[in-house]
Amino acid sequence: MPGKRSAGLLVHRVTDTGVAVLLGHMGGPFWAGREDAAWSIPKGEYGPEEPAEAAARREFQEELGLPPPEGPWTPLGESRQRGGKIVTIWAVEGELDPALAVPGTFTMEWPRGSGVLREFPEIDRVAWFALPEAARRLVAGQRVFLDRLADLLAERIADDDRPLPPPPGE
């Protein structure tokens, strides 16, 4: 996987009860029945001819079947995943109804070695999660982006002299 790059968009909202992020449960047979570390930020691979921001927008649309929310994108930087892929994520504040998502699909041989090609959704569910719950559900290599988002929002709210909403449960 060396040299591969992926870009995505982390949609978030700030409410009276805290910060929530929009995640997608990865589709296909490998992730079925798993909840912890089985969710992802909507993202996908791109080649050298495509700008990362354009890829993030395209992948969001492909994976959720919806355009990204309008608003300024804030870079959350890059992170090298265990397999070597470099993931670049932006954050955008917005609202999106998960029930409206119409995920794209992919085709793979399943069961392996059977010669049977089956189609699976790229993301089989979309949901909002408070940051602590999102950290548990998100694949490990993407959790760094939740920390960066929390730091960014804490700085912005401090600059605005508004208190940060308490974490859920407090």
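Here is a short Q and A on why parts of this predicted model get the labels they do.

It is a predicted model, where local features need pLDDT of at least 70, side-chain atom pairs count only at pLDDT 80 or more, and totals for chains, interfaces and linings use all residues. Residues are numbered from 1 along each chain as its sequence is written, and side-chain values use heavy atoms, with hydrogens and water left out.

Q: Why is His12 called buried?
A: Buried means under 20% relative accessible area, exposed means over 50%, and partly exposed is in between (1.4 Å probe, protein chains only). His12 has a relative accessible area of 2%, so it counts as buried.

Q: Where is His12 found, and what is it in contact with?
A: His12 is found in strand β1, residues 5-15. Strands (E, at least two residues) and helices (H or I, at least four) are DSSP runs, numbered from the N terminus. Contact means heavy atoms within 4.5 Å. Leaving aside neighbours within four places in sequence, the contacts of His12 include Val21, Trp128, Leu149 and Leu153.

Q: What makes Glu45 and Lys85 a salt bridge?
A: The label calls for a side-chain nitrogen of Lys or Arg within 4 Å of a carboxyl oxygen of Asp or Glu. The closest N and O atoms of Glu45 and Lys85 are 3.1 Å apart, so the pair fits. Glu45 sits in strand β4 and Lys85 in the loop between β5 (74-80) and β6, so by position the pair links distant parts of the chain, 40 residues apart.

Q: Are Glu45 and Lys85 buried or partly exposed?
A: One of each: Glu45 counts as partly exposed because its relative accessibility is 36%, while Lys85, at 13%, counts as buried.

Q: What about Glu50 and Arg58: how do you know that they form a salt bridge?
A: Their side chains meet at 2.8 Å, N to O. Glu50 counts as buried because its relative accessibility is 18%, and Arg58 counts as partly exposed because its value is 27%.

Q: Which helix holds Glu133 and Arg136?
A: Both lie in helix α2, three residues apart, about one turn of the helix. Their side chains meet in a salt bridge at 2.5 Å, N to O. Glu133, at 25%, counts as partly exposed, and so does Arg136, at 37%. Salt bridges that share partners join these two with Glu35, Asp36, Asp124, Arg125 and Arg137 in one network. The structure holds twelve salt bridges.

Q: What makes a group of residues a nonpolar core?
A: Such a core is a set of buried Ala, Val, Leu, Ile, Met, Phe, Trp, Tyr and Cys residues joined through side-chain atoms within 4.5 Å. In soluble globular proteins, nonpolar side chains tend to be buried together.

Q: Which residues of the largest nonpolar core touch the most other members?
A: Of its 21 residues, they are Leu10, Val21, Leu23, Leu76 and Leu149. The largest share of this core, five residues, comes from α3, which spans 143-159. Apart from this core lies another, of 20 residues, including Phe60 and Leu96.

Q: How do the lining residues of the largest pocket divide?
A: They divide into eleven nonpolar, ten polar and six charged. Ala, Val, Leu, Ile, Met, Phe, Trp, Tyr, Cys and Pro count as nonpolar, Asp, Glu, Lys and Arg as charged, and the others, Gly among them, as polar.
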